[in-house]
Amino acid sequence: MTLTPAPEVPAFLQPSWLLDRTEALCRADTTTGREDHGLPILRGLLRELGAAIELQEVAPGRHNVLATWGVPRLLFSTHLDTVPPFLPPRRDGDLLRGRGTCDAKGQIAAQLGAIQALLQKGFGGFAWLGLVGEETDSIGAVAAADLQPRLQTCVAAINGEPTENLLATGQRGALQLELSTRGVAAHSGTPERGRSALWPLLDWLQALRSLPARTDLELGPEVWNLGTLHGGSAPNVVPAAAEAVLFVRTLPDSQFLADLQRLAPPEGTVKQLSYTPPERFPQVPGFPHAAVPFGSDAPRLRRLVPGQRVALCGPGSIEVAHTLDEHITGSDLAAGATRLVALAETLLRSVPR
């Protein structure tokens, strides 16, 4: 009996190749606003891989990066910025620690490795887009709308975030609200002469906490975070003003804002600071899906390609992203790059040339 040798895994899908590139990218401090500090390393990697490179200025000293291999039929994308503080990479065998290892420089390495493996397999036509500002205001994804004419030959977009290599079912909305209450200042020794702004705000927040939580089978629970709380000017003064800022991960047909306004005290006001609506992403047969707890540039990226087909997927866990213990393994990167190759093949074959 003759045994058929197992096909050799391409270098671009091997843990060592992926870890080397991720570590190199992580050496640059690209916390939001400093993304261009990583350009020399990134451009060197893209040139090594034979890409045509174009920079799109988004703000002074901040550039999106568009790399192409022929006329693109599939768009890969992730973000260039990281959250502070900068944590230089530290490697121990298969484990790489440091800022950006999974969010999202590991995504860059996995996507570029997948593109090279696909080119090696005979598939042609790819674009890769690195975006600034995803961690704050998505300014890079907004500016990328100007690149839409260049991407009209793409059948889909794949956005990279740490999803543990599962495809996201979608993402909840992002609603930021400012709650304000007003009172009357007075000396703390004669509080009856004033009216505290803090107590009604605290009661308002407590009433909000008592509401039953809503959930969605595809998107998960609707949750909110009390991000900041301010009030008063001194311990011996009855506070005349108080404010709180909430971040709400909303579901479709959310009643959160209506409930918040219904529960407001007479002296309370609500100001909407920003809002990105929730979205559902199409499922891809044969690939496991799961709800994710975070937001991403995927809703804006899908608008760059005809049909607005998008998949959100990548190696690493959101549970360690943004923490002091952010890390990723070479085996996870390899599994992610391999998953991206299979996903890309499925998307490309689903639409005839």
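How many of the 353 residues of the chain count as buried? The answer is 50%, where buried means under 20% relative accessible area, exposed means over 50%, and partly exposed lies in between (1.4 Å probe, protein chains only).

Before you start clicking, know that this is a predicted model: local features need pLDDT of at least 70, side-chain atom pairs count only at pLDDT 80 or more, and totals for chains, interfaces and linings use all residues. Residues are numbered from 1 along each chain as its sequence is written, and side-chain values use heavy atoms, with hydrogens and water left out.

**Stop 1: the whole chain**

Show everything as a cartoon. Along its principal axes, the C-alpha trace spans about 95 × 45 × 40 Å. You should find eight helices and 21 strands. Helices (H or I, at least four residues) and strands (E, at least two) are DSSP runs, numbered from the N terminus. Now think about contacts, meaning heavy atoms within 4.5 Å. Among contacts between residues at least 6 apart in sequence, 80% join residues at least 24 apart.

**Stop 2: α1 against α2**

Two packed helices are described by the angle between their axes and the distance between the axes. The axes are lines fitted to C-alpha atoms, for helices over the stretch in contact, and angles run from 0 to 180 degrees between N-to-C directions.

Select α1, residues 15-26, and then α2, residues 39-48. Their axes are 9 Å apart and the packing angle is about 150°. That makes α1 roughly antiparallel to α2: angles over 145 degrees get that label, those under 35 count as roughly parallel, 65 to 115 as roughly perpendicular, and the rest as oblique.

The crossing of α1 and α2 is right-handed. To judge that by eye, check how the near helix is turned from the far one: clockwise by less than a right angle is right-handed, anticlockwise is left-handed.

Which residues meet here? Turn on side chains for W17, R21, A24 and L25 in α1, and for I41, L42, L45 and E48 in α2. By class, this contact has six nonpolar, no polar and two charged residues. Here Ala, Val, Leu, Ile, Met, Phe, Trp, Tyr, Cys and Pro count as nonpolar, Asp, Glu, Lys and Arg as charged, and the others, Gly among them, as polar.

**Stop 3: α1 against α3**

Keep α1 and add α3, residues 105-120. The axes of α1 and α3 come within 8 Å and cross at roughly 135°, and the two helices are therefore oblique to each other. This crossing is right-handed. On the α1 side, pick W17, L18, R21, T22, L25 and C26; on the α3 side, pick K105, G106, I108, A109, A110 and G113. These residues divide into seven nonpolar, three polar and two charged.

**Stop 4: the cysteines**

A disulfide is a covalent bond between the sulfur atoms of two cysteines. How many disulfides does a search of the whole structure find? Zero, with a disulfide taken as a pair of cysteine sulfur atoms within 2.5 Å. Zoom in on C102: the nearest cysteine sulfur belongs to C26 and is 9.3 Å away. C102 counts as buried, at 0% relative accessibility.

Next, jump to C154. Its sulfur is 18 Å from the closest cysteine sulfur, in C313, which is too far for a bond. C154 is buried too, with a relative accessible area of 4%.

**Stop 5: V155**

Now select V155, in the loop between α4 (139-143) and β7 (157-159). Buried or exposed, what does V155 count as? At 13% relative accessibility, V155 counts as buried. Not counting residues up to four places away in sequence, V155 touches R73, L74, P306, R309, L347, L348 and V351.

**Stop 6: some backbone details**

Go to P85, in the loop between β3 (74-79) and β4 (90-92). The peptide bond from P84 to P85 is cis, with omega near 0°. Another cis bond runs from D103 to A104, with omega near 10°, and A104 sits in the loop between β5 (95-97) and α3.

Finish with two residues that have positive phi without being glycine. S138 has a phi of about 55° and lies in the loop between β6 (126-131) and α4; at 9% relative accessibility, S138 counts as buried. Q308 has a phi near 55° and lies in the loop between α7 (298-301) and β20 (310-312); at 35%, Q308 counts as partly exposed.
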